[in-house]
Amino acid sequence: MAKGINKRKTEHIELCLTEQVEGVNKSTGLEGVSFIHNALPEIDFNKIDLSTNFFDKQVQTPFLVSSMTGGSSLANEINTHLAEAAEKRGWIIALGSTRALLESHAHHDSFLVRKHAPTAPLIANLGAVQLNYGYGAQECQQIVDKTGADSLVLHLNTLQEVIQDGGDLDFSQLLSKIEQVCKEVTVPVGAKEVGFGIDGAVAEKLTNAGIAYIDVAGAGGTSWSQVEKLRSRDPLRKRSAEAFNDWGIPTKDCLRSVRNVLPDIPLIASGGMKTGHDAAKAIALGADKVGFARKLLEAATISTDSVEEVMEQIEFEMKIAMFGIGAADINALKETKRIQILG
């Protein structure tokens, strides 16, 4: 089991780096969102402020290194570079699924990144479905304690699991178990999808159960059903995955749906984010933070400096968008009326 997890994590990284793993004919929907240019912004570009907070921690930017990987030697190198860059540039960092941390003795360092990011907000991560396979609040707390995380996020990944060879498919009665974890774990617990999106109705159920924030992880970026299709040795799963290559709720629609139902819940936009301009649109639509994953992945295989370069560009692009509408800080961006939405 443990060796299988480590091998799967390496295959996931390699496929995301080398193959076409995005959904087909599916976008974030952000191409239908545009800002209305303000020719007289009345602000100083050099004083634009991206700072915000994550619960009780101040952060320099509203950006998140989204959950990607852990549990392999390649993941160790990647997570080290991501953590060092996040620390330097003031990003939040989220770990890939930490199940392997408890089930495997190999590659623990790939999850123990606190030494590389002593002050950055750190989010540990576990598949919610594992609460039906022997995990509970005690194991979740162990993950938090081992990683030194400021938060735990439970990911929901039904389509990934059903296409994955040997996936865990019992998603029944999870809400009550999620509620128990929220009650007993000592840090805020969030919920996220993995690229198929969370809508307002599901977000409301989760927050009523005690979930402290939602990461919509909408469609428009990496499709994990397509990643698992490429890994699968099961002809039925491979063929069937093709019927779902356009599945999921676009990130734009997730944001609008959740915000309509839950105006105050802390909200992370991820899923297909490629530029700081995308991120600015997401915040104007109601997000508090914006997560980037595959955009950072290739750079993370190279060096910390390479990751920092990508991060710097994303930050610069967001500032340009804010300058273009006259928003001097993140609150002004959230409140802007200089936005048009088609559809």
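The whole structure holds 17 salt bridges. The model is a predicted one. Among the bridges is a pairing of E11 with R231, and another joins R99 to D168. Three helix pairs are also covered here: α7 with α10, α2 with α13, and α11 with α13. Two serines, S34 and S110, close the briefing.

**Salt bridges**

- Side chains of opposite charge can pair when their charged atoms come close.
- E11 and R231 form a salt bridge through their side chains, at 2.7 Å from N to O.
- This pair ties together distant parts of the chain, 220 residues apart. E11 sits in helix α1 (residues 2-18), and R231 sits in helix α8 (residues 224-231).
- E11 is buried, because its relative accessibility of 18% is under 20%.
- R231 has a relative accessible area of 17%, so R231 is buried as well.
- R99 and D168 form a salt bridge at 3.7 Å, N to O.
- Here too the partners come from distant parts of the chain, 69 residues apart. R99 belongs to helix α3 (residues 99-103). D168 belongs to the loop between α5 (158-163) and α6 (174-184).
- R99 counts as buried at 13% relative accessibility. D168 counts as buried at 13% relative accessibility.
- D253 and K252 meet through their side chains in a salt bridge of 3.8 Å, N to O.
- D253 is partly exposed, with a relative accessible area of 33%. K252 is buried, at 7% relative accessibility.
- Shared partners join the salt bridges of K7, E11, E228 and R231 into one network.

**Helix α7 against helix α10**

- Two packed helices are described by the angle between their axes and the distance between the axes.
- Helix α7 (residues 200-208) and helix α10 (residues 251-261) have axes that come within 8 Å and cross at roughly 50°.
- That angle makes α7 oblique to α10, because it lies outside the parallel, antiparallel and perpendicular ranges.
- The crossing of α7 past α10 is right-handed.
- α7 contributes G200, A203 and E204 to the contact, and α10 contributes S257, V258 and V261.
- By class, the residues of this contact are three nonpolar, two polar and one charged.

**Helix α2 against helix α13**

- Helix α2 (residues 73-89) packs on helix α13 (residues 304-325) at about 45°, with the axes 8 Å apart.
- α2 is therefore oblique to α13.
- α2 passes α13 in a right-handed crossing.
- On the α2 side, the contact is made by T80, H81, L82, E84, A85, A86, K88 and R89. On the α13 side, it is made by T304, V307, E308, M311, E312 and E315.
- The contact of α2 with α13 counts five nonpolar, three polar and six charged residues.

**Helix α11 against helix α13**

- Helix α11 (residues 276-284) packs on α13 at an angle of about 55°, and the axes are 7 Å apart.
- α11 and α13 are therefore oblique to each other.
- The crossing of α11 past α13 is right-handed.
- α11 brings G276, H277, A279, A280 and I283 to the contact. α13 brings I314, E317, M318 and A321.
- The contact of α11 with α13 has six nonpolar, two polar and one charged residues.

**S34**

- S34 lies in strand β1 (residues 33-35).
- S34 is partly exposed, with a relative accessible area of 31%.
- Beyond its neighbours within four places in sequence, S34 is in contact with R338, I339 and Q340.
- S34 and Y133 are 99 residues apart in sequence and 44 Å apart in space, C-alpha to C-alpha.

**S110**

- S110 lies in the loop between α3 and β6 (122-127).
- S110 has a relative accessible area of 0%, so S110 is buried.
- Leaving out residues up to four places away in sequence, S110 touches G70, G71, S72, A75, N76 and N79.
- S110 and E77 are 33 residues apart in sequence, yet 7.4 Å apart in space, C-alpha to C-alpha.

Key
Residues are numbered from 1 along each chain as its sequence is written. This is a predicted model: local features need pLDDT of at least 70, side-chain atom pairs count only at pLDDT 80 or more; totals for chains, interfaces and linings use all residues. Side-chain values use heavy atoms; hydrogens and water are left out. Axes are lines fitted to C-alpha atoms, for helices over the stretch in contact, and angles run from 0 to 180 degrees between N-to-C directions. Helices (H or I, at least four residues) and strands (E, at least two) are DSSP runs, numbered from the N terminus. Angles under 35 degrees count as roughly parallel, over 145 as roughly antiparallel, 65 to 115 as roughly perpendicular and the rest as oblique. A crossing is left-handed if the near helix is turned anticlockwise from the far one by less than a right angle, and right-handed if clockwise. Contact means heavy atoms within 4.5 Å. Ala, Val, Leu, Ile, Met, Phe, Trp, Tyr, Cys and Pro count as nonpolar, Asp, Glu, Lys and Arg as charged, and the others, Gly among them, as polar. A salt bridge is a side-chain nitrogen of Lys or Arg within 4 Å of a carboxyl oxygen of Asp or Glu. Buried means under 20% relative accessible area, exposed over 50%, partly exposed in between (1.4 Å probe, protein chains only).
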